[in-house]
Amino acid sequence: MAERVGIIGGGIVGIAIARALASTADVAATVIEKEARLAAHQTGHNSGVVHAGLYYPPGSLKATLCARGREMTRDFCHERSLPYRELGKLVVALTRDELPRLDDIERRSRENRVPGVRRLDAGAMREIEPEVAGVAAVHSPHTAVVDYSAITEALADDLRRAGGAILLGQEVTAVSTAAGSVTVSTTAGTHVFDRLIVCAGLQSDVIARMVGASPSPKILPFRGEYWAMAPGRQDLVKGMIYPVPDPRFPFLGVHFTRGVYDDVQVGPNAVPALAREGYRWRQVSVRDTLESLRWPGAPALAKQHWLMGAREISASLLKPLYFQQARRFVPALQSSDLASKSAAGVRAQAWDKDGSLVDDFAVDQVGAVTLLRNAPSPAATSAMAIAEHVLQEYLGFTPGR
């Protein structure tokens with residue numbers, strides 16, 4: 001009899017894991033998703049970048065799985081005739097003060113074996129992005145863009161063909177474990193599995209509490225808001241223009257990305273969301289907000305990052321401030337070039353009780369339940385590699401066998 005494995009979460013990571021399971025002999029994989037469609041949250045609300053692995057600490061799960069995931073994503077897109085465009089990324093140092101941090105990005109890129117990375121001076125970087133400002137850059141020519149929602153649907157097609165099931169519109173209300181089984185109660189019924197994998201993103205800590213796991217790390221939702229560039233001005237950006245990360249802050253800052261369908265997005269910023277799925281300021285959950293404020297790590301986090309938070313919130317509310325952040329990288333940019341706010345995303349960022357933000361991918365296990373506790377960017381890039389990792393390291397399966 002086939003082993004019954006449930007997967008909570010219909011984003012790209014959950015679907016990739018279910019697909020890998022369904023290709024494994026004697027496994028019946030079933031995905032449970034609370035929304036009426038797949039890729040409804042983080043997977044369908046991002047810039048579509050396939051990260052090459054420039055930033056991540058060498059040897060970390062992010063570095064290892066991003067490198068493997070990039071190759072798997074590229075090959076999958078080519079096999080399925082899905083768009084995959086290597087537009088390239090410039091990581092730009094605006095001033096000489098930023099050069100030591102750019103040196104660190106270059107070092108990490110080489111240690112992570114990012115293909116084709118080059119250090120460029122001001123003249124060489126403007127051969128790639130004629131309108132960019134700055135004194136130097138690291139160029140990653142194989143950083144690509146894709147349509148992650150389309151990839152998720154293609155993975156789901158593979159899952160169904162392999163005999164797996166996807167149950168949409170079923171919100172999980174309870175999880176209970178007994179000897180040899182896991183029972184998942186949803187708004188549409190009850191399901192019994194031999195094992196359960198939780199890939200619930202913004203709700204991952206909620207499900208973790210249901211199965212009796214530690215309440216830490218908790219999910220702190222951050223909204224990232226994008227501005228769409230006016231169609232007549234999109235030629236200001238040829239590929240991707242990113243800032244040099246500031247190690248004092250957990251997020252990159254505003255950047256430019258030409259998408260797989262040739263739209264150009266400016267952003268995202270990073271502002272605390274007032275609800276787990278708060279894609280707009282007016283979407284407020286008193287419960288979610290109070291939970292964050294009452295978390296033991298809240299005072300430490302606020303003390304460390306209040307200045308960044310104030311700046312990001314101000315730029316969210318006042319377009320001129322957002323514009324000024326963006327214009328530092330493309331001086332020819334005009335305020336009218338930021339034509340409209342496009343769909344925002346909400347990042348499920350895990351944080352510990354001491355207020356520190358969890359940086360690497362984090363997986364936990366409670367009996368027959370495996371929980372992805374932290375899977376932020378580059379999780380979409382790494383999805384198929386994360387699936388391999390979870391199957392091999394936590395479930396004892398070899399994908400495809």
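How many residues of strand 7 are buried? The count is 5 of its 5 residues, over positions 136-140, so this strand is a good way into what is a predicted model.

**Around strand 7**

Both faces of strand 7 are covered. Ala136, Val138 and Ser140 sit on one side, Ala137 and His139 on the other, and all are buried. Strand 5 (residues 89-93) runs antiparallel to strand 7 and is joined to it by 5 bridges, with Lys89 standing opposite Ser140. Strand 6 also runs antiparallel to strand 7, this time over 4 bridges. In that pairing, Leu120 faces Ala137 of strand 7.

**The six-stranded sheet and its helices**

Elsewhere, 6 strands make an open sheet with mixed pairing, in the order 9-2-1-13-21-20. Strand 9 (165-167) and strand 20 (362-366) are the edges; each has a single partner strand, so one side of each is left without a neighbour in the sheet. From one strand to the next, the twist averages 20 degrees. At the strand 20 edge, the pairing with strand 21 (residues 369-374) is antiparallel and counts 5 bridges. Val366 stands opposite Val369 of strand 21 there.

Two helices pack on this sheet. Helix 1 (residues 12-22) touches strand 1 (3-8), strand 2 (27-32), strand 9, strand 13 (195-198) and strand 21, and its direction makes about 165 degrees with that of strand 2. Helix 10 (residues 379-395) touches strand 13, strand 20 and strand 21, at about 135 degrees to the direction of strand 21.

**Helix 2 and the cores**

Helix 2 (residues 61-79) has 19 residues and spans 26 Å from first C-alpha to last, close to the 27 Å expected at 1.5 Å a residue. Its buried residues are Lys62, Ala63, Leu65, Cys66, Gly69, Arg70, Met72, Thr73, Phe76 and Cys77, so charged side chains appear in that list too: Lys62 and Arg70 are among them. The cover over these buried positions includes helix 1, strand 3 (49-50), strand 4 (84-85), strand 8 (144-146), helix 5 (148-161) and helix 10.

Nonpolar side chains tend to be buried together in soluble globular proteins. Here the largest nonpolar core has 46 residues, and those with the most contacts inside it are Val13, Ile17, Leu21, Ile151 and Ile197. Two or more residues each come from strand 1, helix 1, strand 2, helix 2, strand 8, helix 5 and helix 10. Helix 10 gives the most, with 10 residues. For a look at one of the well-connected members, take Ile151: leaving aside residues up to four places away in sequence, Ile151 touches Ile12, Thr73, Phe76, Cys77, Leu82 and Val146. Another core lies apart from the largest one; this one has 25 residues, including Val132, Trp227, Val266 and Leu333.

**A one-sided helix**

Where do the buried residues of helix 9 lie around its axis? Helix 9 (residues 319-327) buries Tyr322, Phe323, Gln325 and Ala326. They cover an arc of only 160 degrees around the axis, which puts them on the same side of helix 9. As background, an α-helix has 3.6 residues a turn, so residues three or four places apart point the same way.

**Backbone oddities**

Most residues other than glycine have a negative phi, and most peptide bonds are trans. A few spots in this model go the other way, and the table collects them.

| Site | Feature | Location |
|---|---|---|
| Gly267 to Pro268 | cis peptide bond, omega near 5 degrees | Pro268: loop between strand 17 (264-266) and strand 18 (271-272) |
| Ser377 to Pro378 | cis peptide bond, omega about 10 degrees | Pro378: loop between strand 21 and helix 10 |
| Ser81 | positive phi, near 55 degrees | loop between helix 2 and strand 4 |
| Arg113 | positive phi, about 55 degrees | loop between helix 3 (99-111) and strand 6 (118-121) |

Are the two positive-phi residues buried or exposed? Ser81 is exposed, with a relative accessible area of 67%. Arg113 is exposed as well, at 76%. The Ser81 entry also ties back to helix 2, since Ser81 follows that helix. Likewise, Pro378 sits in the loop leading from strand 21 to helix 10, and that helix packs on the sheet.

How values were computed:
Residues are numbered from 1 along each chain as its sequence is written. This is a predicted model: local features need pLDDT of at least 70, side-chain atom pairs count only at pLDDT 80 or more; totals for chains, interfaces and linings use all residues. Side-chain values use heavy atoms; hydrogens and water are left out. Two strands pair if DSSP finds at least two bridges between them. Axes are lines fitted to C-alpha atoms, for helices over the stretch in contact, and angles run from 0 to 180 degrees between N-to-C directions. Contact means heavy atoms within 4.5 Å. The expected span of a helix is 1.5 Å times one less than its number of residues. Buried means under 20% relative accessible area, exposed over 50%, partly exposed in between (1.4 Å probe, protein chains only). A nonpolar core is a set of buried Ala, Val, Leu, Ile, Met, Phe, Trp, Tyr and Cys residues joined through side-chain atoms within 4.5 Å. The arc is that of the directions from the helix axis to the C-beta atoms.
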